[in-house]
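Got the viewer open and a selection box ready? Let's take a walk through this protein, one stop at a time.

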Amino acid sequence: MEPILSAETLKWEKCKNLIDALGAFLTKRYRAAFHGSIYGIFAGETGDVVWAIAYFGVVSSLIPLCGIYEDYLQFNPNHNPLLLVVWLSKIVIALFMQIMAAGRISLIFAILLFLVLVIMTDMKMKQPIRLLWGLSHGFAHIVAALCCLVFVECAIEWLIDEGIVKIHDAGKTAAVEPTALASSLYQEYMAHFSHMFINVTPLFQGNASNEFHDTVHQSVASMSAVQRLHAHAYASVLRLLYWLNGIPLLQATLSLFDLPGRIAQRHTDLCSALCVEGAACMLSHDPTRVILVKRTTMVTYAAAIFLYFVLLAIPAAGGVFGTWLALTLNIFKAQYNEGFSSLRIEHWKNFLKLHVNKKGDLEMYALGLRRVPKHWVKDPQWDGNVLAKARRGGFDKIDNKTSVPSWAWRKPSKWIPRRESRKFTPEIIDFALIPKRPSAAASCDGNLEETSENGYCASAGNNPIRARTSSI
């Protein structure tokens, strides 16, 4: 006697079966489509933007790296290239462990990156190998992102240490005041070049502009409609230029070149707030002091270094992805479609030609070209020209009754390669034959009378998919 299940148990079993069926359906039907869409996002036209955001998201919880340049100088004072590699490896490993141990946004981006890259790996590979290879791909990208961050943070502290940019640090007093990039440019302009542009736009100066407006208003009565329109338009342009003359556009424009100085100042402010008593806090920030940092300071600092970070992140991401794809092609013999499309080679093209023979068998021919011609000329013997149609009689008719399709022409192509070569000749790459299935009439218990005129069995429930006969 079967046990009696409660209503809640039955509901749970139904939900479980529904979830299992939905998972199986999605796995079978949409796994390939999802794989293709993920690859298209990361390797398509938007790939650079996606990689830049992903890289910056991975390192966002680590900024700023206070004291990293000082740590490098202590480890490698003589700038030995081998010691540089050792120091960089040590720092990258420490930063990766920091992400895994205390990262928040960085940890979320890292997990998503690992997951997406495992999904992107070719599904034809064995599952353990696919998992390990996808995780290795993700780890390579995280290492590249950390290297980009270390370079940018070292460059910022090098600018501060060498006195190239001007910063204001209440805790330190510099013996020699550095020179800010934009300040020096603007001061140089005001000292040596501004007097050269005083008389260039005299109408923009206050008295001359007012006199011009008074003249226009006094003579507007004697002007025609077109002249008044021109005069008012010209006066409006002068008002706009006079208004712009009061805005420090030049100084604001030159301040854009002081972006390294602004980044250095924000870096100093953040490190002064996060590091206790001025000590280096490269790998750990005091959580109790994070609340002392203004959100605007952190956001502006992150936005400023992002402009420089992406210049390193995009080439690094492309290099890592291309290397992974090349290794996958040559070692695991996978990702052929992605690898070949990424190369964008115009040669080695092929297509399938399907043909149903008289027996009803399906013949599939893979026709390909080793090289695609780059230079073309018109074929004088093309069957589509007027002379060829006239030779056939009735232009495109046989005996003026039957049309000649283009695939039956001897010279169907209007263009031919300028130079003949065997490499330009199509050839059969592969061939496959699918035999014809037994006709539907044979499945009607040998009674041909049960087959209707449309080719369906009367006993098959009029199912055109299961019991349709072949017309060949």
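**Stop 1: two helices that cross**

Begin by selecting helix 2 and helix 5, which pack at an angle of about 135 degrees with their axes 6 Å apart. Because of that angle, helix 2 counts as oblique to helix 5. Now show side chains: on the helix 2 side you'll find Trp 51, Ile 53, Ala 54, Gly 57, Val 58 and Val 59. They meet Ile 105, Ser 106, Phe 109, Ala 110, Leu 113 and Leu 117 of helix 5.

Before you go on, a word about what you're looking at: this is a predicted model. It holds 15 helices and seven strands. Buried residues account for 28% of its 472 residues.

**Stop 2: helix 2 again, with another partner**

Keep helix 2 on screen and add helix 6. The angle between helix 2 and helix 6 is about 75 degrees, and their axes are 9 Å apart. That makes helix 2 roughly perpendicular to helix 6. From helix 2, the residues to pick are Trp 51, Tyr 55, Val 58 and Val 59. Across from them in helix 6 sit His 141, Ile 142, Ala 144, Ala 145, Leu 146 and Leu 149.

While helix 6 is selected, try your distance tool on the C-alpha atoms at its two ends. At 1.5 Å a residue, its 36 residues should span 52 Å, and the ends are indeed 52 Å apart, so the two values agree. Step just past helix 6 and you reach Gly 163, with a positive phi of about 70 degrees.

**Stop 3: the core**

Which residues have the most contacts inside the largest nonpolar core? Select Tyr 55, Val 59, Ile 142, Leu 146, Val 150, Ile 305 and Phe 309, and you have them, in a core of 56 residues. Several helices each supply at least two residues of this core, among them helix 3 (68-75), helix 4 (81-102) and helix 13 (295-331). The helices from your earlier stops, 2, 5 and 6, are also on that list.

Now centre the view on Phe 309. Leaving aside neighbours within four places in sequence, Phe 309 touches Tyr 55, Phe 56 and Val 59. It is also in contact with Ala 145, Cys 148, Leu 149 and Val 152.

**Stop 4: helix 11**

Helix 11 (259-274) is another supplier of the core. Its 16 residues should span 22 Å at 1.5 Å each, and its end C-alpha atoms are 22 Å apart, so this helix matches too. Its buried residues include Pro 260, Gly 261, Ile 263, His 267, Leu 270 and Cys 271.

Pick out Ala 273, which belongs to helix 11. With a relative accessible area of 17%, Ala 273 is buried. Past its neighbours within four places, Ala 273 is in contact with Arg 289 and Val 293. Arg 289 is 16 residues away along the chain, yet the two C-alpha atoms are separated by 6.6 Å.

**Stop 5: backbone oddities**

Most residues other than glycine have a negative phi, and most peptide bonds are trans. Here are some exceptions to zoom in on:

- Ile 63 and Pro 64 are joined by a cis peptide bond, with omega about 0 degrees. Pro 64 lies in the loop between helix 2 and helix 3.
- Gln 335 has a positive phi, near 60 degrees. You'll find Gln 335 in the loop between helix 13 and helix 14 (336-343), and it is buried, at 0% relative accessible area.
- Trp 348 also has a positive phi, near 55 degrees. Trp 348 is in the loop between helix 14 and strand 1 (349-356), and is partly exposed at 42%.

**Stop 6: a buried loop residue**

Go to the loop between strand 3 (376-378) and helix 15 (386-392) and select Asp 379. Buried or exposed? Asp 379 has 11% relative accessibility, so it counts as buried. Beyond its near neighbours, Asp 379 contacts Lys 411, Ser 413, Lys 414, Trp 415 and Ile 416.

**Last stop: colour by confidence**

Finally, colour by pLDDT. The mean is 74, and 62% of the residues reach 70 or more. Over residues 394-401 pLDDT stays under 50, and the model has 15 contacts there beyond four places in sequence. Residues 458-472 are also below 50, with 24 contacts beyond near neighbours in sequence. Where pLDDT is low, the predicted coordinates should not be read in detail.

Technical notes
Residues are numbered from 1 along each chain as its sequence is written. This is a predicted model: local features need pLDDT of at least 70, side-chain atom pairs count only at pLDDT 80 or more; totals for chains, interfaces and linings use all residues. Side-chain values use heavy atoms; hydrogens and water are left out. A nonpolar core is a set of buried Ala, Val, Leu, Ile, Met, Phe, Trp, Tyr and Cys residues joined through side-chain atoms within 4.5 Å. Buried means under 20% relative accessible area, exposed over 50%, partly exposed in between (1.4 Å probe, protein chains only). Helices (H or I, at least four residues) and strands (E, at least two) are DSSP runs, numbered from the N terminus. Contact means heavy atoms within 4.5 Å. pLDDT is the predictor's confidence in each residue, from 0 to 100. The expected span of a helix is 1.5 Å times one less than its number of residues. Axes are lines fitted to C-alpha atoms, for helices over the stretch in contact, and angles run from 0 to 180 degrees between N-to-C directions. Angles under 35 degrees count as roughly parallel, over 145 as roughly antiparallel, 65 to 115 as roughly perpendicular and the rest as oblique.
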